[in-house]
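User: Could you take a close look at one helix for me, and at a residue sitting in it? I'd like the local picture and then how it fits into the whole chain.

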Amino acid sequence: MATDATQTEPPAAYTALLDEIQRYNAVESATEVLSWDQQVMMPEGGTPARSTQLSTLSSISHELLVDGDVGNHLDELDDASLTPEQQAVVREIRREYVRAARVPRDLIEEISTATTEALGAWESAREHDAFEEFAPHLERLVELKRQYAAHIDPDADPYAVLFAEYEPCLSLETATAILDELRETLVPLIEEIRASDADLATDAFEGSFDTDTQESLSREVLELLGYDFDRGRLDTSTHPFTSGNQFDARITTRFDEHDPLGALTSTIHEFGHAYYTLGLPDDDFGTPLGSHRDLSVHESQSRLWENHVGRSAAFWELLLPKLHDAFPQTSDLSPRDAYEAANQVHDENLIRVEADELTYHLHIIIRFTIERELISGDLAVDDVPDRWNRLYEEYLGLTPPSDALGCLQDIHWSHGNFGYFPTYSLGSVLAAQLYAAADREIDDLDATIRDGDFEPLGEWLRTNIHQHGRRYETDALVEHATGEPLRADAFTDYVTDKYGALYDL
């Protein structure tokens with residue numbers, strides 16, 4: 001671990017605390033690998049054994065954090081003289097310890113078992129378009145997560161407690177205010193776009209595109225962007241995700257023969273997550289300084305690469321020759337056509353992960369609304385499909401034709417991840433702020449992308465975000481990188497300018 005050169009040896013309690021937390025994080029890493037395997041490689045019949053395995057590891061992890069000496073070491077360090085980095089480590093461990101210490105071990109095990117069983121039920125329910133298969137599992141998880149939140153802080157809004165699991169450094173009030181600002185900007189902008197007479201090349205990627213060839217192209221794009229296949233791999237899963245650490249960060253995506261853009265954008269999105277993970281300091285593995293800042297920051301990395309790079313005109317000038325080689329039927333496609341197709345705002349958009357850059361956030365706001373109602377008890381689980389459909393009609397003018405294309409589309413509820421969704425939009429807001437700062441500091445950033453030179457942007461992100469791990473809390477990290485705290489202005493300016501130009505507004 002990097003320390004101030006003038007600092008003497010750290011206190012013995014600090015060294016012992018690091019030993020304890022590294023053991024804890026090793027178990028957490030093993031749990032993550034088993035979870036990855038369940039979603040990617042495990043045979044369908046493996047759920048009963050995997051449920052027991054994950055529940056056992058969850059219990060061991062909880063014991064290592066709560067029942068060992070972590071609390072004693074933290075107490076010993078209350079008045080210790082520590083470097084700024086050491087203070088950050090203690091701060092982050094203390095936050096995690098305090099939350100975990102308040103939750104009974106048997107509840108942790110029950111949640112682990114419930115989520116393992118819910119995953120298989122969700123996959124089946126989605127495949128069969130049968131919400132009733134998943135409903136009992138969702139109801140169980142809602143109740144368990146209410147109990148979980150009550151143990152941590154019985155006097156707080158339970159949803160705020162759950163949100164803090166994923167974004168402990170920003171308040172739920174801040175998240176709500178940003179989402180409100182996005183809604184106020186995006187709803188009228190989308191209405192203007194739908195009323196526009198602009199003639200975009202929306203049919204540029206119509207047709208059939210072999211999925212094996214799509215996978216080969218995705219691998220080529222990952223190599224172009226700088227993904228380290230010695231420390232990662234690309235696989236397919238029902239829902240794209242990234243898993244791992246700075247030594248092993250794995251990407252999954254999915255392919256649809258009628259939607260090559262979906263696979264490309266999902267792959268680039270997951271690359272952003274993996275690139276951040278792989279950029280964390282190797283020497284600090286297993287400690288807060290070698291761990292990612294929370295999910296708003298993590299999501300900023302994926303959304304930056306997906307939208308500000310992968311949907312840019314410069315990127316499509318670079319990528320198009322490779323696309324022509326992979327799919328000769330696109331040989332007449334121009335960079336401008338591809339750019340317009342990649343950035344079109346869809347009249348009908350039911351699936352969040354396939355959404356355009358603008359309507360995407362309305363998907364987030366809808367699920368955010370439903371989650372808060374579920375956790376507060378204002379919405380019964382059986383009423384989720386109807387509530388979902390009514391909100392889609394209100395915000396997007398659409399009614400999902402099935403639950404598989406509606407409330408069953410995302411995996412997160414099967415993991416019990418209530419409070420996760422706001423971080424997607426917070427991450428997009430931060431991505432715009434970071435990219436604007438990088439654009440100010442990197443000479444002709446567009447040209448480097450057009451030339452396939454992603455090192456200047458990668459180095460800027462490593463220097464300003466990745467290398468710090470959790471040294472800074474979110475607002476301090478954002479201010480360190482951009483000169484100001486997290487704000488929605490860069491995002492609203494970016495989408496207003498970009499889509500105003502695309503749609504002649």
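Analyst: Let's begin where the helix ends: right after H5 comes Asp129, with a positive phi near 50 degrees. This is a predicted model, where local features need pLDDT of at least 70, side-chain atom pairs count only at pLDDT 80 or more, and totals for chains, interfaces and linings use all residues. Residues are numbered from 1 along each chain as its sequence is written, and side-chain values use heavy atoms, leaving out hydrogens and water.

Now H5 itself: it covers residues 105–128, 24 in total, and runs 35 Å from first C-alpha to last, close to the expected 34 Å (1.5 Å times one less than the number of residues). Helices here are DSSP runs of H or I with at least four residues, strands are E runs of at least two, and both are numbered from the N terminus.

Ala114 is in H5. Ala114 is buried, at 2% relative accessible area (buried means under 20%, exposed over 50%, partly exposed in between, with a 1.4 Å probe and protein chains only). Leaving aside residues up to four places away in sequence, Ala114 touches Arg140, Leu141 and Leu144, where contact means heavy atoms within 4.5 Å. Arg94, on the other hand, is 20 residues from Ala114 in sequence and 27 Å away in space, C-alpha to C-alpha.

Zooming out, the protein chain has 20 helices and 3 strands. Buried residues account for 56% of its 505 residues. Among contacts between residues at least 6 apart in sequence, 75% join residues at least 24 apart. The C-alpha trace spans about 65 × 55 × 45 Å along its principal axes.
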